[in-house]
Amino acid sequence: MNITRLDKARDLKFKHQVEEESGQNLSACYQCGKCTAGCPGAQFYDRQVSQIMRAVQMGLKEEALKNRSLWLCLSCSTCSARCPNNIDVAAVMETLRMMARREGWVQDRPIESFWKAFLDTVHATGRSYELGVMADYMGRTLRGWGNLEIAPTALMKKKMPFIPSVIHGREEVARIFKRYAEKRS
């Protein structure tokens, strides 16, 4: 990318918006690459974590938000644990996913559908409910029928109960979802 096109592609407010939403100081990132070196999903990424962080620092909004890597991130926080400047890189990646979703730039619809299905069941039951996640995902994507043959074995071994268990602390989980919804409004 030449200098003129680079200047046109920059959104100088973008870095500050990411910093505000993630609560992280991205100026502290000096591109050591430890986040990328420790990332268990790096081999599948189209842009490495350090490249995404640099794109944010430079105000390259589209480059930071229009990549499949955001949707493949495992949110394992290995990148955050390895950062010598204590940047919560996983929080930055989550912030970028939320921003990409708001902009309509989701790069992997099945992964987003799974994410929504998972969160919907946690919101409804207070924990992950595997059968609910599976049914929700299949309904959203019309995919997933290929693994249906393992369902009887999983059900017999009680690895996938028909009824979600009631957990202690369900009210606290509901409050987290409520705070999040209020923050987005």
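**Exercise 1. Burial and overall build**

Task: State what share of the chain's 185 residues counts as buried, then describe the chain as a whole.

Solution.
- Step 1. Of the 185 residues, 39% count as buried. The model is predicted.
- Step 2. Take the secondary structure. The chain has twelve helices and zero strands. Its pattern along the sequence is α-α-α-α-α-α-α-α-α-α-α-α.
- Step 3. Take the dimensions. The C-alpha trace spans about 60 × 35 × 30 Å along its principal axes.
- Step 4. Take the surface. The accessible surface is about 11,400 Å². Carbon and sulfur atoms hold 55% of that surface.
- Step 5. Take the contacts. Consider contacts between residues at least 6 apart in sequence: 65% of them join residues at least 24 apart.
- Step 6. Take the charges. There are 29 positive and 20 negative side chains. The centres of the two sets lie 2 Å apart.

**Exercise 2. Cysteines**

Task: Find how many disulfides the structure holds, and explain why Cys76 has no bond to Cys79.

Solution.
- Step 1. The count of disulfides is zero.
- Step 2. The cut-off is 2.5 Å between cysteine sulfur atoms.
- Step 3. For Cys76, the closest cysteine sulfur is that of Cys79, at 6.2 Å, so the pair is too far apart for a bond.
- Step 4. Cys83 is in no disulfide either. Its nearest cysteine sulfur belongs to Cys32 and is 6.2 Å away.
- Step 5. Now check accessibility. Cys76 has 41% relative accessibility, so Cys76 counts as partly exposed. Cys83 has 13%, so Cys83 counts as buried.

**Exercise 3. The loop between α6 and α7**

Task: Give the phi values of Ser75 and Ser77, and decide whether Ser75 and Ser77 are buried, partly exposed or exposed.

Solution.
- Step 1. Place the residues. Ser75 is in the loop between α6 (69-72) and α7 (78-82). Ser77 lies in the loop between α6 and α7 as well.
- Step 2. Read the backbone. Phi of Ser75 is near 55°, positive although the residue is not glycine. Phi of Ser77 is near 70°, again positive in a residue other than glycine.
- Step 3. Apply the burial limits: under 20% is buried and over 50% is exposed.
- Step 4. Ser75, at 40% relative accessibility, is therefore partly exposed. Ser77, with a relative accessible area of 30%, is therefore partly exposed.

**Exercise 4. Helix α8**

Task: Test the length of α8 (residues 89-103) against its expected span, then assess how far the helix is covered.

Solution.
- Step 1. The helix has 15 residues; at 1.5 Å a residue, these should span 21 Å.
- Step 2. The end C-alpha atoms are 21 Å apart, so the two values agree.
- Step 3. Eleven of the 15 residues are buried, and α8 is mostly covered.
- Step 4. The buried residues are Val89, Ala90, Val92, Met93, Thr95, Leu96, Arg97, Met98, Met99, Ala100 and Arg101. Two arginines, Arg97 and Arg101, are on this list.
- Step 5. Look past the end of the helix. Gly104, just after α8, takes a positive phi of about 80°.

**Exercise 5. Helix α10 and Val133**

Task: Check the span of α10 (residues 130-141), find what covers its buried residues, and trace the contacts of Val133.

Solution.
- Step 1. Twelve residues at 1.5 Å each should span 16 Å; the end C-alpha atoms of α10 are 16 Å apart, so the span agrees.
- Step 2. The buried residues are Leu131, Gly132, Val133, Tyr137, Met138 and Thr141.
- Step 3. Recall the helix geometry. With 3.6 residues a turn, residues three or four places apart point the same way.
- Step 4. Find the cover. The buried residues of α10 are covered by elements including α9 (109-125).
- Step 5. Focus on Val133, a residue of α10. Its relative accessibility is 6%, so Val133 counts as buried.
- Step 6. Leaving out residues up to four places away in sequence, Val133 touches Phe114, Ala117, Phe118, Thr121 and Ser128.
- Step 7. Add a distance. Val133 and Trp115 are 18 residues apart in sequence, and their C-alpha atoms are 9.1 Å apart.
- Step 8. Finish at the helix end. Leu142, just after α10, takes a positive phi of about 55°.

**Exercise 6. Ser50**

Task: Locate Ser50, classify its burial and list its contacts.

Solution.
- Step 1. Ser50 is in helix α4 (residues 49-57).
- Step 2. Its relative accessibility is 14%, so Ser50 counts as buried.
- Step 3. Neighbours within four places in sequence aside, Ser50 contacts Gln31, Gly33, Cys35 and Thr36.

Note on methods: Residues are numbered from 1 along each chain as its sequence is written. Side-chain values use heavy atoms; hydrogens and water are left out. Buried means under 20% relative accessible area, exposed over 50%, partly exposed in between (1.4 Å probe, protein chains only). Helices (H or I, at least four residues) and strands (E, at least two) are DSSP runs, numbered from the N terminus. The expected span of a helix is 1.5 Å times one less than its number of residues. Contact means heavy atoms within 4.5 Å. Accessible areas come from the Shrake-Rupley method with a 1.4 Å probe; for residues, only the protein chains shown count as cover. Lys and Arg count as positive and Asp and Glu as negative; His and the chain ends are not counted. The place of a charge is taken as NZ of Lys, CZ of Arg, CG of Asp or CD of Glu.
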